[in-house]
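Q: Could you take a close look at the backbone in the loops for me? I'm new to this, so please keep it simple and go one spot at a time.

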Amino acid sequence: MVQIERFEVEQWMDTYETAAKYNIAETCCASVSVNDLISFAAQSGAPSISPLDLFTPATPQTYGEIRGLTSLRTNLANLYNSRSNHPLKPEQILITPGAIAANFLVLYSLVGPGDHVVVQHPTYQQLYSVPRSVGADVSLWGMKEGEKGWELDVEELKGLIKENTKVIVLNTPNNPTGSILSKELLTEVISIASSHNPQITILCDEVYRPLFHSVDLMSVPQSIVNIGPSYPNIIVTGSLSKAYSLAGIRVGWLASRSSELIEQCASARDYTNISVSIVDQQVAAFALSPMCVHGLLHRNMGLARKNLAILTGYVEKWIVRDWAEWKKPVAGTTAFIRFMRDGTPVQAVEFCKRLQEETGVMFLPGDRGFGDKDGQKFDGFVRIGYVPDTKVLEEGLAVCHKWMMKNWNNLPLVEA
């Protein structure tokens, strides 16, 4: 029997988000509607269109193109190819119902009993719990807080590699820290994977790409699939949920230059879902079209920058009181903040429960969502999603700060 670990982040979200008045645990950019997408297209000078131009009511709702709409995969390929001299082809992309399905498909297809997987940590729990569930040995490659933010040590990775290492799993921009992996580090990881015998596949969850809102333009790394175009054993995953504000249409993808890897995943996919809704894919194709995608990303980059400045203002107040410390995020939608009193971490679960019960403000406890028995515990850490509607963030943080001023000295601390 497959041993499935409790998915702590999703269980917490399922339990608390519908009752939250101020959901500041959400990791998607504030959601948009189809009408919003049409407005972005109109602002680009595109001809006037209506929702019925995207999905005609008379169209029979068949399975559609099994591997994904050609128009959608073409638009995705164009996004990957915008800064690459090695074009990715539409047939090298497989559409899935969200990035969570893409990640599962890759791991389910490639990993089994007797295999070893190295996973960057902290990260989305799925990326290490799924390999464990199918009988693989998992080593967590822990990020550390350095002068420049959350960092990985390549020498540590070399020490984790074993003869049976099958996959290295990365996540950039990272959930929950909001950090990124540099081109130099990604290049070193590719070198390690390609020199191993047998070669190691790299899976990189890029679901928060391209939300590099606080990174100098010259420092924005390409997708790892373009950094190592000569090394085919790389798979990247993404979705419309986070950076593109369209979680409700359930469209994600995986992409690889290896036809063998694509075929392995496509074969396993037959057992999980035949295809993705053609209505969802039509909306996705429109959102990622040249007439729409630039306006959508411009909106979300601006929202992320504005909201991060608001969050920073509050964190600085908490730092002055010795209540918090952080490494400021530079990409994505999440911040990972350690809360403490007198130098000792607070009990994050109790903090988050009481805060929501008494104010309606929802955070996610980092120890519950990202701590692991084989890795770091993240005592006192809380993940905040700072790219909802600005009003939600402003009001929620104001309410939170007022509550903290009154209740901070009563919160329980982590026992040594």
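A: Let's start with a term: strands here are DSSP runs of E with at least two residues, helices are runs of H or I with at least four, and the numbering starts from the N terminus. Keep in mind that this is a predicted model.

With that sorted, find Asp342, which sits in the loop between strand S12 (334-341) and strand S13 (344-345). Asp342 isn't a glycine, yet its phi is positive, at about 55 degrees. Why look twice at that? Because most residues other than glycine have a negative phi. As for its surroundings, Asp342 has 71% relative accessibility, so it counts as exposed; the cut-off for that is over 50%.

Now hop back along the chain to Arg250, in the loop between strand S9 (234-239) and strand S10 (252-256). Arg250 is another non-glycine with a positive phi, about 50 degrees this time. Its relative accessibility is 34%, so Arg250 counts as partly exposed.

Next, let's turn to the peptide bonds. Most peptide bonds are trans. The one joining Asn197 and Pro198, though, is cis, with omega at about 0 degrees. You'll find Pro198 in the loop between helix H8 (183-195) and strand S8 (201-205). Past S8, look in the loop that runs between S8 and helix H9 (224-227), and you'll meet Pro210. The bond from Arg209 to Pro210 is cis too, with omega near 5 degrees.

Definitions and conventions: Residues are numbered from 1 along each chain as its sequence is written. This is a predicted model: local features need pLDDT of at least 70, side-chain atom pairs count only at pLDDT 80 or more; totals for chains, interfaces and linings use all residues. Side-chain values use heavy atoms; hydrogens and water are left out. Buried means under 20% relative accessible area, exposed over 50%, partly exposed in between (1.4 Å probe, protein chains only).
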